[in-house]
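The following exchange introduces a protein chain to a reader who has not met it before. Please look over the sequence and the structure before reading on.

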Amino acid sequence: MPELYELDWVRLPLEEAHNVRELGGYPVAGGGQTHYHRFLRSDALGSLTPSDVTFLHNYGVRLVLDLRDSDEAQNYPDVSLGDDVQIENVPMFDFDIADKKALAERFADTPPTYEFFYDIILSKKEQIARCFYLIAEAPEDACVLFHCAVGKDRTGVLAMLLMALAGCDKWDCVSNYVQTRVNLMRHTWYAAYWESDDERSSMNDSPAHALEFSWNVVEEAGGVMAFLHGCGIDYETLAAVRARLIG
């Protein structure tokens, strides 16, 4: 009988992180599928229970990419998964998206749209490149977990880039993304905010058009290989990351 952590979960059965899920199991162009136990996308890891920590460590997580702003990461630090787990902060925004007041002031004259924020993420070429180099340098048998605050925007764009590199099609990337809102409704605070009259609550959704926009930006750059190479990632590194995804 296999241990629970050895099973091919889609959403991992953790107590205090509700949006931790696999990139494994998606069909890729040319046949085959993305491997399990290679990549996890997640919400923040600040409230993990000891059993959650044990589960993730046994699952194989040895590299955590924290995509949050440095202030977010310092104010709401991740729980350590073990001395042998590397944590790297690679901010995909240069502002604390959790600070609603500061966010409202900073973008007072800017309509809060997914396209606006996702364009910012896709413009972070140096940070995108750093993520891919860190992934390529991780131990061969390591599982890489990447996350932001709720595992939706910054995490969603990086997940799309990885899945596209593996050869997943547009609609599987979209499907992987839109699952976020359903998973997050397990959070009491998230469900309450979504059901409130706050005009910004719609930005907590994960609508298909947001990921379609991101996909189209990459396609307009010549496709995922051209886009990632344009971020400063050499082809050897891209091949190494792709091999981690599909072997």
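The questions below move from the whole chain to its sheet, its cores and single residues.

The model is predicted: local features need pLDDT of at least 70, side-chain atom pairs count only at pLDDT 80 or more, and totals for chains, interfaces and linings use all residues. Residues are numbered from 1 along each chain as its sequence is written, and side-chain values use heavy atoms, with hydrogens and water left out.

Q: What percentage of the residues of the chain count as buried?
A: Buried means under 20% relative accessible area, exposed over 50%, and partly exposed in between, with a 1.4 Å probe and protein chains only. The chain has 247 residues. The share of them that counts as buried is 51%.

Q: What is the order of the strands in the open sheet?
A: Helices (H or I, at least four residues) and strands (E, at least two) are DSSP runs, numbered from the N terminus. The chain has eleven helices and five strands. Two strands pair if DSSP finds at least two bridges between them. The open sheet has five strands with mixed pairing, in the order S1-S2-S5-S3-S4.

Q: Which strands stand at the edges of the sheet?
A: An edge strand here has a single partner strand, so one side of it is left without a neighbour in the sheet. S1 pairs with strand S2 (residues 39–42) in the antiparallel sense over two bridges, and four bridges join S4 (residues 86–89) to S3 in a parallel run. The edge strands are S1 (21–22) and S4.

Q: Why is strand S3 described as largely enclosed by the rest of the structure?
A: Strand S3 (residues 61–66) pairs in the parallel sense with S5 (residues 143–147) over five bridges, and Val61 stands opposite Cys143 in S5. In S4, Asn89 is the bridge partner of Asp66. S3 is largely enclosed because, of its six residues, the number buried is five.

Q: Which helix gives the largest share of the largest nonpolar core?
A: A nonpolar core is a set of buried Ala, Val, Leu, Ile, Met, Phe, Trp, Tyr and Cys residues joined through side-chain atoms within 4.5 Å. The largest one holds 55 residues, of which Phe132, Leu161, Leu162 and Leu228 touch the most other members. Ten residues, the largest share of this core, come from helix H6 (residues 153–166).

Q: Which residues does Leu161 contact, leaving aside its neighbours within four places in sequence?
A: Contact means heavy atoms within 4.5 Å. Leu161 is among the four residues that touch the most other members of the largest core. With the sequence neighbours set aside, its contacts are Ile128, Phe132, Val218, Val224, Phe227 and Leu228.

Q: Which residues of helix H5 are buried?
A: Helix H5 (residues 125–137) has 13 residues. Cys131, at 1% relative accessibility, counts as buried. The full set for H5 is Ile128, Ala129, Cys131, Phe132, Leu134 and Ile135.

Q: How many disulfides are found in a search of the whole structure?
A: A disulfide is a pair of cysteine sulfur atoms within 2.5 Å. Cys148 counts as buried at 2% relative accessibility. The search of the whole structure finds a number of disulfides equal to zero.

Q: Is Gly30 buried or exposed?
A: Gly30 lies in the loop between S1 and S2. From C-alpha to C-alpha, Gly30 and Gly167 are 8.1 Å apart in space, although 137 residues apart in sequence. With a relative accessible area of 90%, Gly30 is exposed.

Methods
Expected span 1.5 Å × (residues − 1).
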